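Q: Please take a close look at one part of this protein and explain it carefully for a first-year student.

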Amino acid sequence: NNNSIKNNEKHKTQFRPIADWYKDYAMLQEVTKSAMKIASGGELTLVHTVDEISDFSVTSFYRVGLELGLVDRGDIISYEAKR
């Protein structure tokens, strides 16, 4: 379970445990990105507002989309690069 792994890692760093809703919210984000990519005919630009994404943020679940091939690395840019 990804939440258990993240909670174990968080415990080592003195952060609070991950909330129960964390995984559902993160997966909803990934499903939404995939649906938007399909609805737009395969075009998607994913812009992250920070260059370094914490392993403990909901945003970190974008890696799941990459691993599953739902999002291409070339579709991702940082907000800073866009300025």
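The part chosen is the surroundings of Glu30 and Tyr62.

A: This is a predicted model, in which local features need pLDDT of at least 70 and side-chain atom pairs count only at pLDDT 80 or more, while totals for chains, interfaces and linings use all residues. Residues are numbered from 1 along each chain as its sequence is written, and side-chain values use heavy atoms, with hydrogens and water left out.

The protein chain has four helices and two strands, which are DSSP runs numbered from the N terminus (helices are H or I, at least four residues; strands are E, at least two), and their order from the N terminus is α-α-β-α-β-α. Glu30 sits in helix α2, residues 22-39, and is buried with a relative accessible area of 5%; buried means under 20% relative accessible area, exposed over 50% and partly exposed in between, with a 1.4 Å probe and protein chains only.

Leaving aside neighbours within four places in sequence, Glu30 is in contact (heavy atoms within 4.5 Å) with Phe61, Tyr62 and Gly65. With the same kind of neighbours set aside, Tyr62 in turn touches Glu30, Lys33, Leu46, His48, Ile53 and Ile76.

Tyr62 also belongs to the largest nonpolar core, whose seven residues include Leu44, Leu66 and Val71; such a core is a set of buried Ala, Val, Leu, Ile, Met, Phe, Trp, Tyr and Cys residues joined through side-chain atoms within 4.5 Å. Apart from that core lies another, of five residues, among them Tyr22, Ala26, Val58 and Phe61.
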